[in-house]
Structure formats: structure tokens, C-alpha cells
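A visitor new to this structure puts questions to a guide. The exchange begins once the structure is shown.

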Amino acid sequence: MTADVQEPPRGWVPVEHRFLGLDRRTFTPALIALVVALVLSYGLPALNAAIPWRNQIRAGDVLDLGGGATAVPPVGWQLENGTLTGADAATPTSLQILLATGGATITLRGTAYTGSASAFLDQVERSEGGEPGVDAARGTVRSDAGLTGVVQAGTGPAGDALDVAFKVPAAGQPAESAPALLVRVRTAPDQFERYRDDVTALLRSITPGAGR
């Protein structure tokens, strides 16, 4: 007479493979998955932050603003995003440039906009909801090539701020229909004066394209 052999219930784990009620055979895959997740979440950003940028601006470098427009970036700053002349051509209506040094950044963003530079700056501020606590005053700045920018300056708990809006037309193109360019400067609190000369030189160097 033979005894019936019962199959173990589904999910049953032999005693020799158990630890605190868990299947020890799943520990290694789970640990590997946890390590990979930690590396992706914390290790790579930390490594990226630890590696210094090596795309430092040198004398003679010129930023490509698209359509032949250019600007001269401050020497010694890092070009973290954007294109210099002689490389792949930039597009004026989708321009994204980021320069950084110490506690300061300069971004240049281009977009299509029909209207004045002042109206464009108004739209930017409305879309961002303003900056609470910033005491700002408007003015103008003129580039060496004759472009007039509308300037919004201020300071607040987050630091010093400067926004400058330009319309960058081609030769013979009406300014109203020309691409808009926003130059945005951000520094640590009370540090703008340290970078004023660099910012002023960049703004004055903005030159429209001759044949856009």
C-alpha cells in the first residue's frame, strides 16, 4: 500500500531557504535592484556634480544666437548649454544658452514673438507670476550694434536678478515680427556688482544677423 504524496502548496518555501519568513533566494536579486536604483537616484547626480565643466569660454569665442545673430560671452565662464559659432547652427526661435560661473548664471532664450520687447518682457513676467519680494525698476540698454533692450532689475531673498528683452531683426525686417531674445542673469544675494562688467559687455556685444 502506497501513501499519497501531496504536492506542497503554491508559494511554499522550504525551511532551509527561509529567513524571518522570507525566501532567502530572492535576497540577491532584490539587493542588486536596490543598488542599481540608488546609483541612478543618487550616485550619478553626485558624480555629475563632482566633475567640473571643461567647456570654459576663451578669448575669441562667440555665441551663435541663430540666424547669424551673435554675442560675445565673458571669458572664464562655463558654457553649460548652447553653441559657439562654427559649430552646429542655432535656431533663433528655440534658442537655449546657459553660462555659469561661481554664484552666477546667464541664460539666453530665443522665441517667436510678435510685438515689442517691452510687451515680450511683460508676457514673460505674467507667465511666471512675478517674483514676490523683488523690488524692480525698468530701464533700457543699447548694444553696440544698435539693438535696444528693455531691462528689469531687482533683488530679493533668492538673490539678485536682471532680465533684458530684445527683438533681434534681420536687415530690413520689422522689429515687431522679429524673434525675441530674453537674457536672464541670476546671482547670489548682493553679488550682482561682482559680475556687472561681464554682463554689460555681453549685452553690448549682441549683434543681429545680416541676412536672416
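The questions and answers below deal with the core, the empty spaces and one loop residue.

Visitor: On what kind of model do the answers rest, and which pLDDT is needed for local features?
Guide: This is a predicted model, in which side-chain atom pairs count only at pLDDT 80 or more, totals for chains, interfaces and linings use all residues, and local features need pLDDT of at least 70. Residues are numbered from 1 along each chain as its sequence is written, and side-chain values use heavy atoms, with hydrogens and water left out.

Visitor: Which element gives the most to the largest nonpolar core?
Guide: A nonpolar core is a set of buried Ala, Val, Leu, Ile, Met, Phe, Trp, Tyr and Cys residues joined through side-chain atoms within 4.5 Å; buried means under 20% relative accessible area, exposed over 50% and partly exposed in between, with a 1.4 Å probe and protein chains only. The largest such core has 30 residues, and Leu 65, Leu 99, Leu 108, Phe 166 and Val 183 are those with the most contacts inside it. Helices (H or I, at least four residues) and strands (E, at least two) are DSSP runs numbered from the N terminus. With five residues, the element that gives the most to this core is H3.

Visitor: How many residues does the second, separate core have?
Guide: Tyr 113, Leu 121, Val 150 and Ala 180 are included in this second core. Its number of residues is nine.

Visitor: What is the volume of the largest cavity?
Guide: On a 1 Å grid over the protein atoms alone, a cavity is a set of points where a 1.4 Å probe fits but cannot get out, and lining residues have an atom within 4 Å of a point. The search of the whole structure finds one cavity of 30 Å³ or more. Its lining has 10 residues, with Leu 65, Pro 92, Leu 95, Val 168 and Leu 181 nearest the centre. A volume is the space filled by probe spheres set on the points, which are joined across faces, edges and corners, and for the largest cavity this is about 60 Å³.

Visitor: Which element supplies the largest share of the lining of the largest pocket?
Guide: A pocket is an open set of points with protein on both sides within 12 Å along at least five of seven lines. The largest pocket holds about 280 Å³ of space. Among its 16 lining residues, Ala 153, Ala 161, Leu 162, Phe 192 and Arg 196 are the closest to its centre. Six residues, the largest share of the lining, come from H3.

Visitor: Is Asp 190 buried or exposed?
Guide: Asp 190 is placed in the loop between strand S11 (180-187) and helix H3 (192-205). With a relative accessible area of 68%, Asp 190 is exposed.
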